[in-house]
Amino acid sequence: MNHWPYPLWIAHRGAGKLAPENTLAAFRIGASHGYRAFECDVKLSADGVPFLLHDDTLQRTTPASGTAGVRGWAELSRLDAGGWHSRGFAGEPLPSLEAIAAYVLRNGFALNIEIKPTPGQELETGRVVAREAARLWATSRVAPVAPPLLSSFRPEALQGARETAPELPRALLLDTLWTGWFDVARALDVVACVTNHKIMDDELHAQLQAAGLRALVYTVNDSAEAQRLLTLGIAGIITDAVDQFSPGDSLRA
């Protein structure tokens, strides 16, 4: 992508720690702090509906337990995904990708969709999430500010996304620089790599730039670390600290 249409600051899972992650409530709170770009995790229900959830299992963020991906959307959509956080969010549901798309498109926000497959469903999850994202953005009555950026730690998921919606930009997520990562990134024709902020340095940034790739980082909640990364010329910073960093100021303090 010659033009990079995404804001520098990206709210992690909607609004990080201020609201139950990956819910519409979290997106609204992130927006109330001025954020115009959001990251979220998307996986598939047993009947193939893309919905927001980070973990493979349900017990951390809902009253249910067990693997989320073995349940149908009718059951998942009735779970309380907010009460674990605080009383004020009790009853907040797990949102579908369609619901989140409607919100960000209507408000002119950008979205980074992390494809988070249930183990063993990497390729299919990438295919379905990308296909649905392409459909939702293409049929929106409001012109999108940017296409959804599809990212994943799992190359198979990105390959699936490439198969069904090659026009959507993709990014490889990296917690470490595992052997062969750069060749995989190039083979998948990604536009960016999103790394753990701890491994981003001048050398890695220069390598990505030389290959024509943008460098983004997660999850930055410390002011000094943010300044270090901004000095590198990073293209995107994913943060939980939406109440500490102003997305409108390129010289965050």
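**View 1. Gln59 sits in a loop of this predicted model.** Look between strand S3 (50–52) and helix H2 (73–76), and you'll find Gln59 in the loop that lies there. Is Gln59 buried, exposed or something in between? With a relative accessible area of 45%, Gln59 counts as partly exposed.

**View 2. Here is the company Gln59 keeps.** Set aside the neighbours within four places in sequence, and Gln59 is in contact with Ala64, Ser65 and Gly66. For Gly66 we can zoom in on the atoms: a polar atom of the Gln59 side chain lies 3.1 Å from the backbone nitrogen of Gly66.

**View 3. Now put Gln59 and Asn22 in one frame.** Along the sequence, these two are 37 residues apart. In space, going C-alpha to C-alpha, Gln59 and Asn22 are 15 Å apart.

**View 4. Cys40 is a buried cysteine.** Its relative accessible area is 0%. How far is the sulfur of Cys40 from the closest cysteine sulfur? That closest sulfur belongs to Cys193 and is 20 Å away, so the two are too far apart for a bond.

**View 5. Cys193 is in no disulfide either.** Seen from this end, the nearest cysteine sulfur is that of Cys40, 20 Å away. Cys193 is buried too, with a relative accessible area of 0%. As a reminder, a disulfide is a covalent bond that links the sulfur atoms of two cysteines. How many disulfides turn up in a search of the whole structure? The count is 0.

Conventions. Residues are numbered from 1 along each chain as its sequence is written. This is a predicted model: local features need pLDDT of at least 70, side-chain atom pairs count only at pLDDT 80 or more; totals for chains, interfaces and linings use all residues. Side-chain values use heavy atoms; hydrogens and water are left out. A disulfide is a pair of cysteine sulfur atoms within 2.5 Å. Buried means under 20% relative accessible area, exposed over 50%, partly exposed in between (1.4 Å probe, protein chains only). Helices (H or I, at least four residues) and strands (E, at least two) are DSSP runs, numbered from the N terminus. Contact means heavy atoms within 4.5 Å. A polar contact is a pair of N or O atoms within 3.5 Å; within protein, one must be able to donate a hydrogen and the other to accept it, and residues adjacent in sequence count only if both atoms are side-chain atoms.
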